[in-house]
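Please read this short report with the model open beside it. It goes through the contacts, the cores and the unusual backbone spots one after another.

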Amino acid sequence: RTEKLPGGAVEFSKDKGNSSTFWKKHAVHSDEAMWKQFCLEKKGVVAPPVLAVMPPVETSSKFQAVGSALNAARSSQRRYVVLAAPAMHLLAERLVAADPSKFEYYVSKWKKFPDGTDNITLGGFEPEDRVSRRDVLFLASFDCNDTTMSQLHALTFLCESAFLSSLTILLPFLPTGTMERYLQPGRIAAANTTAKLISQLPP
């Protein structure tokens, strides 16, 4: 919105008197949301995202590869195809930006049919198959039951029908992780059942 602010965004923001003008005439919903998030983080109410506080990764020649020379060569040549759940889209983009020689990301389409069932198209298969016989990194996010089931559909397909060289699943957070024990008759330990669903993916 730089062109809409008198004199441009930089000059406009230099004058502290323009603060109220910005919020009354130029701010949009995302500005308000980001400002609230910033204020909460400053007060320590909300923890900043992990990616926001991670230091940049620096490579150094003083670090040597562990294992045989053959393993080191294989590791240096490995390039991952990245597929991601909707909530992990930003992380996938940041991985590619951090090291485009190791990661290539293909955006998937997580849609629904009119009846609410999944209509998923994984990226990288059209117009040319760039996934089969490759090492795949799947960035998962089990943030709700709906998206979890959608991702289990995708993972089952990848394991069963995509003919991958390897599949690595990155699940940074398991929401049901604290519900891992049977505390009373009939109460389900959701962490246990979720782990078994993942473990039962086709070999």
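A salt bridge is a side-chain nitrogen of Lys or Arg within 4 Å of a carboxyl oxygen of Asp or Glu. R130 and E128 fit that rule, because their side chains meet at 3.4 Å, N to O. Keep in mind that this is a predicted model.

**Salt bridges**

How many salt bridges does the rule count? The count comes to 6 salt bridges. Three of the pairs are set out here.

| Salt bridge | N to O distance |
|---|---|
| R130 and E128 | 3.4 Å |
| D135 and R78 | 3.5 Å |
| E104 and R134 | 2.7 Å |

Take D135 and R78. This pair links distant parts of the chain, 57 residues apart. D135 sits in strand β5, while R78 sits in the loop between α5 (69–77) and β1. Is D135 buried or exposed? D135 is buried, at 13% relative accessibility. Its partner R78 is partly exposed, at 38%.

Now turn to E104 and R134, whose closest N and O atoms are 2.7 Å apart. E104 is in strand β2 (residues 103–105) and R134 is in the loop between β4 and β5, so the pair ties together parts 30 residues apart in sequence. E104 is buried, with a relative accessible area of 13%. R134 is partly exposed, with 22%. The buried limit is under 20%, so E104 falls inside it. R134, at 22%, does not. Both residues also belong to a network of salt bridges that links R79, E104 and R134.

What about R130 and E128? R130 is partly exposed, at 39% relative accessibility. E128 is partly exposed too, with a relative accessible area of 47%.

**The nonpolar cores**

Which residues touch the most other members of the largest nonpolar core? They are L83, F125, F138 and L158, in a core of 15 residues. The elements that give two or more residues to this core are β1 (80–84), β5 (135–139) and α7 (145–161). Helix α7 gives the most, with 3 residues.

L158 deserves a closer look. Set aside its neighbours within four places in sequence. L158 is then in contact with L83, L122, F125, F138, F163, L164 and L167. Apart from the largest core lies another one, of 11 residues. Among its members are Y80, A84, A85 and M88.

**A strand pair and its hairpin**

Strand β3 (residues 109–112) and strand β4 (residues 118–121) run antiparallel. They are joined by 4 bridges. K109 stands opposite T121 in β4. The hairpin of β3 and β4 has 5 residues between the strands. There G116 takes a positive phi near 95°.

**Unusual backbone spots**

Most residues other than glycine have a negative phi, and most peptide bonds are trans. Some places here depart from that.

R133 has a phi near 65°, a positive value in a residue other than glycine. R133 lies in the loop between β4 and β5. With a relative accessible area of 64%, R133 is exposed.

F163 also has a positive phi, near 55°. Where is F163 placed? F163 is in the loop between α7 and β6 (166–170). Is F163 buried or exposed? F163 counts as exposed, at 62% relative accessibility. The exposed limit is over 50%, so F163 passes it. Recall that F163 is one of the contacts of L158.

Which peptide bond is cis? The bond from E126 to P127 is cis, with omega near -5°. P127 lies in the loop between β4 and β5.

**Cysteines and one more arginine**

A disulfide is a covalent bond between the sulfur atoms of two cysteines. How many disulfides are counted? The count comes to 0 disulfides. C144 is partly exposed, at 31% relative accessibility. C159 is partly exposed as well, with a relative accessible area of 21%.

Finally, look at R94 in helix α6 (residues 89–98). R94 is partly exposed, with a relative accessible area of 41%. R94 and Y105 are 11 residues apart in sequence. In space they are 9.9 Å apart, C-alpha to C-alpha.

Key:
Residues numbered from 1 in each chain as written. Predicted model: local features only at pLDDT ≥ 70, side-chain atom pairs only at ≥ 80, totals over all residues. Heavy atoms only, no water. Pairing = 2+ DSSP bridges. Core = buried A, V, L, I, M, F, W, Y, C linked by side-chain atoms within 4.5 Å. Buried < 20%, exposed > 50% of the residue type's maximum accessible area, 1.4 Å probe, protein only. Contact = heavy atoms within 4.5 Å. Disulfide = S-S within 2.5 Å.
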